Amino acid sequence: MTDKTAVKRRKRGVKASRVKLEKALINAGFTTQAALAKHIAEIEGTDSIPKDIVNRVFREVSVSPHTLERVANVLGVEAYTLYLTNDNFQAPSMTSDKEDNEDNSHDILKVTTNKPTYTQYWKYSSITIALLVFCASIFFIMQIKKVSNENTLIKLQTLIPSLGTPTNKYSLALRSSPSIESTAEKLKALLKKDFNVVPRIYKLDENSIQTENIERSSQVDMIINMQLFKLGRFWLVESSILKYPNKVILARKLLTKSEWLSLGEEYTKQLAHTLNTFIQKGYTQLPNETLPSLEYLTLIGEGLSLLDESSDFNKIKQAQSKFLLAKDINETLSLAKGGICLTYLYESWTGDEKTLLTRASQHCEEAKQGEENSIVATANSFLLRRTGRLTQAYTYVEQQLNQMPESVDLLIEKGNILLELFRQTGESNKQLELAKKSLQQASLLAPNLWKSYFILGLVEWTLGHQRAAIEATSVAANLNPNDLVLSNMATLSFCIGDIEPTKAYVQQILLKQPDSYLGLEKMSMLHYYANDFQAAIDYRLKSIANLWRIKYS
């Protein structure tokens, strides 16, 4: 490829400073770019080592903001601190063959002065052209915004030619995923007044009848489609108007199953109102211009499901990667920012506490500026609790629960706050009883989520109900035998003198993850009380070493 061809290609994204990158690389304890790339793969839980991505970043090539964020996270710095600025540019210098040979192992970019003058001329010309194109693009986008309503109306009129001036009722059929068929029935009842609705609700699954077949057999003007995507305990519901082969999105929502069961009726009322507004009363505005994309909400659901699995460091970083990708897709929505805040809060237990809590605060504050939802509320209450503002945290979580009483995450967070308030003040058992009630409510709403049972076990133990504590924690262990739950089961069993179950739980941890610092710590405890002090010391040192490896990885 010639220089002229290269400079004509427009570079998008951001560039990182090699000087800043190398400083951050050394500070983070990495010796080579290859080691950094390998660690990124480990954190993100992928088999593919992103050597080419790291190489591009270090060569000061334009990359996406998310790519730089991935590298910055592992280096333990904010991405913006690595940006290439005017201060980083240096005068070009010649490099010798000897220097080239010495630097090959590090892939350092060489800059020479033997480029022809006309290349520089074209470079500045291309910059001027790019600026002109950018200004023209802004003008074009502004014009599109002015007529966006008209264009969207035309799209709907293409689906239903007599939109806005119907002489008769429109006819429609409903099609839904099996799990939300009851919601579709409610929607059908609401629509009967203004539409001719086919009595049958068609099922939406892998064997469902195709859209064009429904239209042909039922002779309807349109189909209202309600599709459910399950992401762990989260339900992503998308509703749309279908007129083969076209589709117009009406609504898109990500909720937990319990929230959906509580808010489903409100959702159907809003959906019925939207349909009436668009079709019977004429077009006002389509919501799909501002709705979060399906990809965005899918990434959020996947990230939250990873956080549901365990508090394992790798799971946290994988979740963080999902949220960062979502933020790249849409920087204005609050869900991704709330999710990123949560990951930094979880990570702060084993990482650089001050730095990570500062990052968490920044993302939580950004999230609060957007729309309210249970994820953002949970993240902000967790932040208040994590930074010791327990009274403020309790007031805040109560306010949020008044608005979102079916939020499992807020109910669990309330239990956590009350437990810590009791530990701090020790005034009365009333706080513990309130915590217990909140956690029991959460377990009823989400019976397959281990977190509520785990915290309930801690509350029962603090109340002095040892067997109840073990029973609750045992349920958590059966639902999700992660290191944290099994470690607690080992501790509780040991405290009541059940040595054999204690050993079994510790062995289960180490069998699954031999370098688990929690498992090694419990093994040290067992050897200590068996008077095998040397083995206890050895296991404790291994546990500390692994914890520090996580903290500074």
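## Close-up views of a predicted model

**Because Trp450 and Phe454 stand four residues apart in helix α19 (residues 450–462), about one helical turn separates them.** The model shown in this and the following views is a predicted one. Both aromatic residues of this view, Trp450 and Phe454, are buried.

**Aromatic pairs, with Tyr346 and Phe382 in view.** Three aromatic pairs are found in the structure. In one of them, the ring centres of Tyr346 and Phe382 are 5.3 Å apart and the ring planes meet at 70 degrees, so this pair is classed as edge-to-face. Distant parts of the chain are linked by the pair, since Tyr346 belongs to helix α13 (residues 335–347) and Phe382 to helix α15 (residues 374–386), with their positions 36 residues apart in the sequence. Phe382 has a relative accessibility of 4% and therefore counts as buried, the cut-off for that class being under 20%. Trp450 and Phe454 make up another edge-to-face pair, with 5.9 Å from centre to centre and 65 degrees between the planes.

**Glu413 in helix α17 (residues 408–425), shown with its contacts.** Glu413 is a buried residue, because its relative accessible area is 4% and the class takes values under 20%. When residues up to four places away in sequence are set aside, Glu413 touches Ser381, Phe382 and Arg385. Among these contacts of Glu413 is Phe382, the residue whose ring is paired edge-to-face with that of Tyr346.

**The charged end of Arg386 over the ring of Trp349.** The distance from the charged end of Arg386 to the centre of the Trp349 ring is 3.7 Å.

**The disulfide between Cys341 and Cys364.** A search of the whole structure returns one disulfide, which joins Cys341 to Cys364 with an S to S distance of 1.9 Å. The torsion about the S-S bond of these two residues is about -85 degrees, and the disulfide is therefore left-handed. Since Cys341 lies in helix α13 and Cys364 in helix α14 (residues 353–368), the pair ties together parts of the chain that are 23 residues apart in sequence. Cys341 and Cys364 are both buried.

**The largest nonpolar core and a second, separate one.** In soluble globular proteins, nonpolar side chains tend to be buried together. The largest nonpolar core here has 49 residues, of which Ile412, Phe454 and Val459 touch the most other members. Helix α17 makes the greatest contribution to this core, giving nine residues. Val459 is in contact with Leu419, Leu432, Ala435, Lys436 and Leu439, when residues up to four places away in sequence are not counted. A second core, separate from that one, consists of 32 residues, including Leu299, Ala326, Leu333 and Ala379.

**Glu60 and Val61 in the loop between α4 and α5.** Glu60 is placed in the loop between α4 and α5, and its phi is near 60 degrees, a positive value in a residue other than glycine. With a relative accessibility of 24%, Glu60 counts as partly exposed. Val61 is found in the loop between α4 (51–58) and α5 (65–75); Val61 is buried, because its relative accessible area is 18% and buried means under 20%. From C-alpha to C-alpha, Val61 and Gly13 are 9.0 Å apart in space, although 48 residues apart in sequence. With neighbours within four places in sequence left aside, Val61 has contacts to Val14, Lys15 and Arg56.

**Ser171 in strand β1 (residues 171–176).** The relative accessibility of Ser171 is 16%, so the residue counts as buried. Apart from its neighbours within four places in sequence, Ser171 is in contact with Asn196, Gln219, Val220, Asp221 and Met222.

**Stretches of low pLDDT, to be kept in mind with the views above.** Over the protein chain the mean pLDDT is 78, and 77% of the residues reach 70 or more. Residues 1–11 have a pLDDT that stays under 50, and for this stretch the model has 10 contacts beyond four places in sequence. The pLDDT is also below 50 over residues 89–124, a stretch with 32 contacts in the model beyond near neighbours in sequence.

Conventions. Residues numbered from 1 in each chain as written. Predicted model: local features only at pLDDT ≥ 70, side-chain atom pairs only at ≥ 80, totals over all residues. Heavy atoms only, no water. Phe/Tyr/Trp six-rings, centres within 6.5 Å; stacked < 30°, edge-to-face > 60°. Helix = DSSP H or I, 4+ residues; strand = E, 2+ residues; numbered from the N terminus. Buried < 20%, exposed > 50% of the residue type's maximum accessible area, 1.4 Å probe, protein only. Lys NZ or Arg CZ within 6 Å of the ring centre and 35° of its normal. Contact = heavy atoms within 4.5 Å. pLDDT = per-residue confidence, 0-100. Disulfide = S-S within 2.5 Å. Core = buried A, V, L, I, M, F, W, Y, C linked by side-chain atoms within 4.5 Å.
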